[in-house]
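Dear colleague,

Please find the structure below, handed over for your records. A short account of what was found in it follows.

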Amino acid sequence: MRRTNTQTLGEAIKEYLKAMKIDDKMKEVQLISSWEEIIGKTVARSTREIYIKKGKLFLHINSSVIRNELLMIKDSLLKAMNERAGKNIIDDIIIR
């Protein structure tokens, strides 16, 4: 006799994370950890602090030149971060 409600371990984990409402938080952590891959080593080295709070990505940058460059590409960076997450996680980017 076969069970009709069987699922893979991956599906069960995704369902559990969604039920516990921590799947978005996991995506946020993955985005922050992949910051260097998304933006590059030079900018990542100048990034002093990076965190996500209430849908906003906060970046603290050491270099004023890099800060201005990031301000110019803010919209494309926002789009790239959300594409990397697979859903709309970040609504705005605050660069300081």
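Does Tyr51 count as buried, exposed or partly exposed? Tyr51 counts as partly exposed, because its relative accessibility is 27%, and the buried class ends under 20% while the exposed class begins over 50%. Please bear in mind throughout that this is a predicted model.

Aromatic rings

Tyr51 is also a member of an aromatic pair, and the structure holds one such pair. Its partner is Phe58: the ring centres lie 5.0 Å apart and the ring planes meet at 15 degrees, so the two rings are stacked. Phe58 has a relative accessibility of 13% and therefore counts as buried. The pair thus joins a partly exposed ring, that of Tyr51, to one belonging to a buried residue, Phe58.

Salt bridges

Side chains of opposite charge can pair when their charged atoms come close. A search of the whole structure finds four salt bridges, and three of these are described here, beginning with Asp24 and Lys87.

The side chains of Asp24 and Lys87 form a salt bridge with an N to O distance of 2.8 Å. This pair links distant parts of the chain, 63 residues apart: Asp24 belongs to helix α2 (residues 23-33), whereas Lys87 sits in the loop between α6 (74-85) and β3 (92-95). Both residues are partly exposed, Asp24 with a relative accessible area of 32% and Lys87 with one of 36%.

Helix α2 also contains a salt bridge between Lys25 and Glu28, whose side chains meet at 3.5 Å, N to O. Because these residues are three apart in helix α2, about one helical turn separates Lys25 from Glu28. Their accessibilities fall into separate classes: Lys25 is partly exposed, at 47%, while Glu28 counts as buried, at 14%.

In a further salt bridge, the side chains of Glu37 and Arg84 meet at 2.6 Å, N to O. Glu37 lies in helix α3 (residues 35-39) and Arg84 in helix α6, so the contact ties together parts that are 47 residues apart in sequence. Glu37 counts as exposed because its relative accessibility is 61%, which is over the 50% limit. Arg84, at 43%, counts as partly exposed.

To summarise, the predicted model holds one aromatic pair and four salt bridges. Among the latter, the pair of Asp24 and Lys87 links distant parts of the chain, and the pair of Glu37 and Arg84 ties helix α3 to helix α6.

With kind regards

Terms used:
Residues are numbered from 1 along each chain as its sequence is written. This is a predicted model: local features need pLDDT of at least 70, side-chain atom pairs count only at pLDDT 80 or more; totals for chains, interfaces and linings use all residues. Side-chain values use heavy atoms; hydrogens and water are left out. Rings of Phe, Tyr and Trp (its six-membered ring) pair if their centres lie within 6.5 Å; planes under 30 degrees apart count as stacked, over 60 as edge-to-face and the rest as tilted. Buried means under 20% relative accessible area, exposed over 50%, partly exposed in between (1.4 Å probe, protein chains only). Helices (H or I, at least four residues) and strands (E, at least two) are DSSP runs, numbered from the N terminus.
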